[in-house]
Amino acid sequence: MEAAGGIEPFLRDPVGRYVVGRHFFIWCRAPDFTGSVLWGRPEEKDTLEIAAVWRELHPRMRAFDVVTDTSRIESIDGAAFEVMIRYLRDTLPSYARTVRRQAIVHPAGLPGAAIAGLLPTIGDYYQWRIFAEPRAGFDWLKRPDGAAALDEVLALATRTTGVSPWRRTLAELMRQAPDGVTLAAAARRLGRSPRSLQRDLQEAS
């Protein structure tokens, strides 16, 4: 995927491109595959911008899969959270007619609890599931282009934010378990296999 150079160019021709904001980027890999990554401490103006892009992008797509990755969020501003609630309330009926499946990756700690509390408002409009780690979410979609998309999105997220979500989650686990955490327990929390986690740890060392 290539950078679109701004929201308007992205919306004119989104497929194969992405657009970056202060605390987010939105990507569109195929006419039926899109998603977003959020990080840091998004404020009201950030979520307003995200909502504006989605309002324009989603009606143009049909029967699409989406990955919403909030695993890098550190805290949620109250006003930003209200924007998210309003967006869901106002657009969910039309959004549900176009989305096929949505994988939602939530952060650890209080931000994750807040996002998880919001998710029941989605109801049973379409298939959605919550994951602790992006790889599990992409795998759940069972798309033939899922593995390639995951690699692209993770690489872009690391370049853009400088943070790997599995490292943050692992650090949180280690803080919660001062006596140590087993590889198997960490892999379960991250929603992946012990072998995959071991490989990532070796690559990161």
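Let's start with aspartate 65: in this predicted model, its relative accessibility is 0%, so aspartate 65 counts as buried. The cut-off for that word is under 20% relative accessible area. What might a charged side chain do in such a place? Side chains of opposite charge can pair when their charged atoms come close. Aspartate 65 has partners of that kind.

One of them is arginine 101, whose side chain meets that of aspartate 65 in a salt bridge with 2.7 Å from N to O. Here the link runs between distant parts of the chain, as aspartate 65 sits in strand E5 and arginine 101 in strand E6, 36 residues apart. Is this pair buried or exposed? Both aspartate 65 and arginine 101 are buried. Look at the strands themselves and you'll see that aspartate 65 also stands opposite arginine 101.

Arginine 100 is another partner: its side chain and that of aspartate 65 form a salt bridge at 3.1 Å, N to O. Again distant parts of the chain get linked, with aspartate 65 in strand E5 and arginine 100 in strand E6, 35 residues apart. Arginine 100 has a relative accessibility of 33%, so arginine 100 counts as partly exposed. Zoom out a little and these residues belong to a network of salt bridges that links Arg29, Asp32, Asp65, Arg100, Arg101, Arg143, Asp145 and Glu152.

Now follow the two strands. E5 covers residues 64-73, and it pairs with E6 in the parallel sense over 6 bridges. How does the chain get from E5 to E6? Trace it through helix H3 (residues 78-98): E5, H3 and E6 together make a right-handed β-α-β unit.

E6 has a second neighbour to look at. Strand E7 (residues 127-131) pairs with E6, also in the parallel sense, over 5 bridges. Within that pairing, isoleucine 104 stands opposite isoleucine 130 in E7. How many of the 7 residues of E6 are buried? The count is 6, so E6 is mostly covered. Glutamine 102, which is found in E6 (residues 99-105), has a relative accessibility of 8% and counts as buried. Its side chain makes a polar contact of 2.8 Å with the side chain of threonine 68.

Back to salt bridges for a moment. A search of the whole structure turns up 14 of them. Another one joins the side chains of glutamate 43 and arginine 22, at 3.4 Å from N to O. Glutamate 43 lies in the loop between strand E4 (33-40) and helix H2 (44-57), while arginine 22 lies in the loop between strand E2 (17-20) and E3, so the pair ties together parts that are 21 residues apart in sequence. Glutamate 43 is partly exposed, with a relative accessible area of 36%, and arginine 22 counts as partly exposed too, at 42% relative accessibility.

Next, the rings. The whole structure holds 6 aromatic pairs. Tyrosine 18 and phenylalanine 25 make one that is edge-to-face, with 6.3 Å centre to centre and 65° between the planes. Tyrosine 18 and phenylalanine 25 are both buried. Ring pairs also bring in a tryptophan, linking Tyr18, Phe25 and Trp39 into a cluster.

Why is the pair of phenylalanine 33 and phenylalanine 138 edge-to-face? Their planes are at 70°, with the ring centres 6.1 Å apart, so the pair earns that label; the cut-off is over 60 degrees. This pair links distant parts of the chain, with phenylalanine 33 in strand E4 and phenylalanine 138 in helix H5 (residues 134-141), 105 residues apart. Both phenylalanine 33 and phenylalanine 138 are buried.

That brings us to H5. Since 7 of its 8 residues are buried, H5 is largely enclosed by the rest of the structure; among the buried ones are Pro134, Gly137 and Trp140. At the start of H5, a side-chain oxygen of glutamate 133 reaches to within 3.0 Å of the backbone nitrogen of arginine 135. Just after H5, lysine 142 takes a positive phi of about 55°.

Finally, how far can you trust the picture? The protein chain has a mean pLDDT of 83, and 79% of its residues reach 70 or more. Among its elements, strand E3 (residues 24-30) has the highest mean pLDDT, 95, and helix H4 (residues 109-118) the lowest, 64. Where pLDDT is low, the predicted coordinates should not be read in detail.

Definitions and conventions:
Residues are numbered from 1 along each chain as its sequence is written. This is a predicted model: local features need pLDDT of at least 70, side-chain atom pairs count only at pLDDT 80 or more; totals for chains, interfaces and linings use all residues. Side-chain values use heavy atoms; hydrogens and water are left out. Helices (H or I, at least four residues) and strands (E, at least two) are DSSP runs, numbered from the N terminus. Buried means under 20% relative accessible area, exposed over 50%, partly exposed in between (1.4 Å probe, protein chains only). A polar contact is a pair of N or O atoms within 3.5 Å; within protein, one must be able to donate a hydrogen and the other to accept it, and residues adjacent in sequence count only if both atoms are side-chain atoms. pLDDT is the predictor's confidence in each residue, from 0 to 100. Two strands pair if DSSP finds at least two bridges between them. A crossover is right-handed if, with the strands pointing away from the viewer, the path from the first strand over the helix to the second runs clockwise. A salt bridge is a side-chain nitrogen of Lys or Arg within 4 Å of a carboxyl oxygen of Asp or Glu. Rings of Phe, Tyr and Trp (its six-membered ring) pair if their centres lie within 6.5 Å; planes under 30 degrees apart count as stacked, over 60 as edge-to-face and the rest as tilted.
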